[in-house]
Amino acid sequence: MDYKDLAELIFPNAKDISYYEEKYPERNLPEGAIVTRFAPSPTGFVHIGGLYQALVAIECAKRTKGVFFLRVEDTDQKREVENGVTGIVNSLIDFDMEPDEGMISDTEEKGEYGPYKQSLRKEIYQAYAKYLISQGKAYPCFCTPEDGEEIRKKQEEAKIRPGYYGVWAKCRNLSVEEAIQKIKNGEQYIIRFKSPGREDRKIKHKDIIKGNVDFPENDLDIVIIKADGLPTYHFAHAVDDHLMHTTHVIRSDEWLSSVPLHLQLFQELGFKAPKYAHISPIMKNDNGGKRKLSKRKDPEAAVEYYKKEGIPPLAVKEYLLNIANSTFENWRRANPDKSIDEFDFQLNKMSVSGALFDMVKLLDIGKTVISKMTAEEVYEKSLKWAEEYDAKLAEILKNKEYALKVFGIERGNKKPRKDISKWSDVMYNIEYMYDEIFYGKEQEYPYQPAISNKEEIKDILNSYIEKYYNEEDDKQTWFDRIKALAVEKGYAGEVKEFKANPGKYKAHVGDVSTVLRVALTSRTNTPDMYEIMKVLGKDRIQKRFEKAIECLK
RNA sequence: GGCCCCGUGGUCAAGCGGUUAAGACACCGCCCUUUCACGGCGGAGUCAUGGGUUCGAUUCCCGUCGGGGUCACCA
């Protein structure tokens, strides 16, 4: 009896691996094309770090006319969440990061290299496990989880390296006959890889991001097929990325220390190993210390958070790209209007250490991104956001024609306003332009100390609307009239003049403007008042003044 | 604890043996200006530490310290 008999006994129905080798031929891609993937567990939750990885992967694939695919790693059934895959796919779509192939929902997929869901690939893994067993490179292990625990305990007590290896790997040296007998006796088992490695030897690995890294060889007989018949991550990774012809494995750097094992697996399976790029995680400052953004503690760890806040996906991507390649920022300054797809992303220029997440910077990028949009775009996007997250905003945005005027204020010129960094800022930015909200609020007029006399304010307001305001005026004329009003009432027409001779005037034209502004908007700081008045129109201006005067009493 | 990775201003970072050590965000000041934002100009602030190597180290080597990762029938 030999290894083949053992393999046959364990996986009687498994196909020969040549079947799969033929079924999934080499991809027909241009020279240098990168085939890579995003391979999350279907928890339905996409971590910002996952999005980051996916973005990097997409940039690589796009740049080389390669392939980016989505594979679902659901070999741990405990982690399975209902509709988890759809959730992930939708998040990618939200960010305009749709994969070229792979899963497109919980049950559907596209592409020739599937299934893209590992739980559906059971027989494939078993075929390769069978192959390994028949070669004497894997074996059934009859140790129970409790046995494993016991071994670890002993190792800990003896202060030696824990794990299933060397003399501790009890089942490794079972003869084929013994193994067959145990199986026939109905003993439960799992399949372990028979590692040819030695801990006292080093291997060299060149990681695209981390550079040269030396490790001790792997000598652990890790399990490749679990009791439930599904593979472990390591085995699935080797089989899948081989069969799917992945050229570059781009993943979080928590996997870096598994590289010796993975390389060994590829070697023993007779596969060509992919290139690896291990990305540093995005960190967060946690009083003094650094730690990974945590799903439990940090809301911003979830991609869903950005959607809820209304931070434009493009802003998130630009921010992430900036962490990935800091040259992006300079490129962006030089090419403010180009698509990010034109940026020459370099995998090997990625930072080796983990960056601290900087929300302030993200929001700054958000401001710039939104400032470049047309009023129409701002309208569409904020409405879409509002429909999902802010019913009141959605309601006031119904009148598109008017909303466009409001969003058009100081927009589209060479120096557009930058005061909206996310869609959830919109309400605050525009609410006073809507009468239903303006009059609905408890009226407060924060007049400035420069002009605080009630009669004075009333006089300025009345004079302005009666004698000085003319809807037809261009901006220069409009402001000249405000100056004339100021002068008439004994204020300096120029701020400079006032500063030069402060004793000569009650205050200056700026203070007069503030009176108008506050009456109009109940705010001291607003965008350009000329444009605001244009949008409001004379009737509404008059009404607001009347209301302001009324409130003075 | 073993193994591995990392350490330039508050943050992201360029730099790779000789630089006044880029740039961005944040901060401060000034200018522009009817407010605010924008924009422009300027400012403060950094090579973790100790030893080497070298004519010369932020750059190379070693130690120390600090941070992170990993040691599952989880991924």
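Me: Which element gives the largest share of the surface near RNA strand B?

Reply: Good place to start! Bear in mind that this is a predicted model. A residue joins that surface if one of its heavy atoms lies within 4 Å of the strand. Here the largest share, four residues, comes from E8.

Me: Which residues come nearest to RNA strand B?

Reply: There are 60 residues around the strand, and those that come nearest are Thr-75, Lys-226, Arg-417, Asn-525 and Thr-526. On the RNA side, sugar and phosphate make up 69% of the strand B atoms that come within 4 Å of the protein.

Me: Which side chains have a polar atom or an N or O atom by a base oxygen of RNA strand B?

Reply: For polar contacts, look for pairs of N or O atoms within 3.5 Å. Arg-417 has a side-chain N or O atom 2.3 Å from a base oxygen, and Arg-79 places a polar side-chain atom 2.8 Å from a base oxygen. With Ala-227, a backbone N or O atom lies 2.9 Å from a base oxygen. Among the elements that give two or more residues to this surface are helix H6 (145-157), strand E6 (190-193) and helix H22 (509-521).

Me: How many nonpolar, polar and charged residues does the surface have?

Reply: Sorted by class, there are 25 charged, 21 nonpolar and 14 polar residues near the strand.

Me: Is Asp-425 buried or exposed?

Reply: Buried means under 20% relative accessible area. Asp-425 has 16%, so Asp-425 is buried. Asp-425 sits in the loop between helix H16 (400-407) and helix H17 (426-430). Setting aside neighbours within four places in sequence, Asp-425 is in contact with Asp-419 and Ile-420.

Key. Residues numbered from 1 in each chain as written. Chains lettered and ligands numbered in written order. Predicted model: local features only at pLDDT ≥ 70, side-chain atom pairs only at ≥ 80, totals over all residues. Heavy atoms only, no water. Polar contact = N/O pair within 3.5 Å; in protein donor to acceptor, adjacent residues only side chain to side chain. Nonpolar A, V, L, I, M, F, W, Y, C, P; charged D, E, K, R; others polar. Buried < 20%, exposed > 50% of the residue type's maximum accessible area, 1.4 Å probe, protein only. Contact = heavy atoms within 4.5 Å.
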